[in-house]
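This note concerns the charged side-chain pairs of the structure shown below. Please read the points alongside the coordinates.

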Amino acid sequence: MWAMGQTGRVVYKYMNSLKTNDNIRTISRKEQVTIFRLRTEHAPLNYHLNRINPQHPPIFPLCNDQFETTDHLLLHCPNLDDLRQDLLPPTPDITNILYSTTDQLKNTSKFYHMAMGRRANAHRLLD
């Protein structure tokens, strides 16, 4: 039924059936929430918040990119290159970041929370 539905399309590209061995089951609840939100593009990033409230600007305060998206945060923001190098695979992509080993899922969650700390600091500097 999911294959025919209109919801969950972001996740469906990477996981088109139930995976009972998904490593998300092996990490802490906080890490699970982070990974699930990133997988579904429902993390509280400005692009998603703008979809909920059009008055909220979608810009990424760390680099002034037009859209603060999951993809940009994880793969492209130049101001996160150091974290990316330390915590993500050598050639990161959505599959090896969000649908990978237990250790990588933990590192991805850590990357996200550290990036959000930098983002909060950037917001303070802009205010």
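Does E68 count as buried or exposed? E68 counts as buried, because its relative accessibility is 0%. The points below set this residue beside other charged residues of the model, which is a predicted one.

1. The predicted model holds four salt bridges. Three of them, including the one formed by E68, are taken up here.

2. E68 pairs with R119, and the closest N and O atoms of this salt bridge lie 2.6 Å apart. The two residues belong to distant parts of the chain: E68 sits in the loop between α3 (46–52) and α4 (70–76), whereas R119 is in helix α7 (residues 102–126), with their positions 51 residues apart. R119 has a relative accessible area of 12% and is therefore buried, the cut-off being under 20%.

3. A salt bridge also joins R39 and D22, with 2.7 Å between the closest N and O atoms. Here too distant parts of the chain are linked, since R39 lies in helix α2 (residues 29–40) and D22 in the loop between α1 (9–12) and α2, 17 residues apart. R39 and D22 are both buried.

4. R118 and D82 meet through their side chains in a salt bridge of 2.6 Å, N to O. Because R118 is in helix α7 and D82 in helix α5 (residues 81–87), this pair ties together parts 36 residues apart in sequence. R118, at 27% relative accessibility, counts as partly exposed. D82 likewise counts as partly exposed, at 37%.

Terms used
Residues numbered from 1 in each chain as written. Predicted model: local features only at pLDDT ≥ 70, side-chain atom pairs only at ≥ 80, totals over all residues. Heavy atoms only, no water. Helix = DSSP H or I, 4+ residues; strand = E, 2+ residues; numbered from the N terminus. Buried < 20%, exposed > 50% of the residue type's maximum accessible area, 1.4 Å probe, protein only.
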